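Biologist: Please take one part of this model and look at it closely with me, at a pace that suits someone new to the subject. I would like to know what lies there, and then what surrounds it.

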Amino acid sequence: RTIADKHGFNRFATPGQVAERMNLPVLSIHGAENGLTHPATLQHMRELFRTAGLSHRFFEHKVPGTGHQDCLIGTGAKDVFAKISHFLREGSLQA
């Protein structure tokens, strides 16, 4: 359920380290039919940022009907790249 070292311990993406190092907004894009990473990844990331006190810096976009890379190269990629472009300009997904 997390990035781990060779001993299986999460030493990298702890709430304390995220709070200390994340000084910019983060956009997580996830294909809803992703077979590479579990859909719960978004929930785990949301919880990590919440625990770190950075809920205001975490944004997510779940793309229905897409797999791992389909949201970037599939038929709906234009919409996804429009979201990315807006996020990079504005630092959020809100219009």
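Modeller: Phenylalanine 59 and phenylalanine 87 are both buried, a word used here for residues with under 20% relative accessible area, while exposed means over 50% and partly exposed lies in between (1.4 Å probe, protein chains only). Before we go further, please keep in mind that this is a predicted model, in which local features need a pLDDT of at least 70 and side-chain atom pairs count only at pLDDT 80 or more, although totals for chains, interfaces and linings use all residues. Residues are numbered from 1 along each chain as its sequence is written, and side-chain values use heavy atoms, with hydrogens and water left out.

A search of the whole structure turns up 2 aromatic pairs. In one of them, phenylalanine 59 and phenylalanine 87 meet edge-to-face, with 5.7 Å from centre to centre and 65 degrees between the planes. This pair joins distant parts of the chain, since phenylalanine 59 sits in strand β2 (residues 58-63) and phenylalanine 87 in helix α4 (residues 77-90), 28 residues apart. As for the rule, rings of Phe, Tyr and Trp (its six-membered ring) pair if their centres lie within 6.5 Å, and planes under 30 degrees apart count as stacked, over 60 as edge-to-face and the rest as tilted. Helices (H or I, at least four residues) and strands (E, at least two) are DSSP runs, numbered from the N terminus.

Strand β2 also leads us to helix α2. Glutamate 60 forms a salt bridge with arginine 46, and the closest N and O atoms of the two are 2.8 Å apart. Because glutamate 60 belongs to strand β2 and arginine 46 to helix α2, this salt bridge ties together parts that are 14 residues apart in sequence. The term salt bridge stands for a side-chain nitrogen of Lys or Arg within 4 Å of a carboxyl oxygen of Asp or Glu, and by this rule the count comes to 2. Glutamate 60, at 30% relative accessibility, counts as partly exposed, and arginine 46 is partly exposed as well, at 38%.

The other salt bridge stays within helix α2, where arginine 50 and glutamate 47 lie 3 residues apart, about one turn of the helix. Their closest N and O atoms are 2.5 Å apart. Arginine 50 is partly exposed, with a relative accessible area of 48%, and glutamate 47 is partly exposed too, with 37%.

Helix α2 has a buried side as well, made up of Leu42, Leu48 and Phe49. Seen down the helix axis, these residues fall within an arc of 125 degrees, so they line one face of α2; the arc is that of the directions from the helix axis to the C-beta atoms. The buried residues of α2 pack against α1 (15-21), β1 and β2, which brings us back to the strand that holds phenylalanine 59. After α2 comes glycine 53, whose phi is positive, near 80 degrees.

Between α2 and β2 runs a loop that contains arginine 57. With a relative accessible area of 24%, arginine 57 is partly exposed, and its side chain reaches the backbone oxygen of methionine 22 at 2.2 Å. Such a polar contact is a pair of N or O atoms within 3.5 Å; within protein, one must be able to donate a hydrogen and the other to accept it, and residues adjacent in sequence count only if both atoms are side-chain atoms. Leaving aside neighbours within four places in sequence, the residues in contact (heavy atoms within 4.5 Å) with arginine 57 include Met22, Leu24 and Phe49, and Phe49 is one of the buried residues of α2.

On the other side of β2, the loop towards α3 holds proline 64. At 68% relative accessibility, proline 64 counts as exposed, in contrast to the buried phenylalanine 59.

Finally, it helps to place this part in the whole chain, which has 4 helices and 2 strands that run α-β-α-β-α-α from the N terminus on. Buried residues make up 28% of the 95 residues. The mean pLDDT of the chain is 87, and 97% of its residues reach 70 or more, where pLDDT is the predictor's confidence in each residue, from 0 to 100. Among the elements, α4, the helix of phenylalanine 87, has the highest mean pLDDT (93), and helix α3 (residues 70-73) has the lowest (88).
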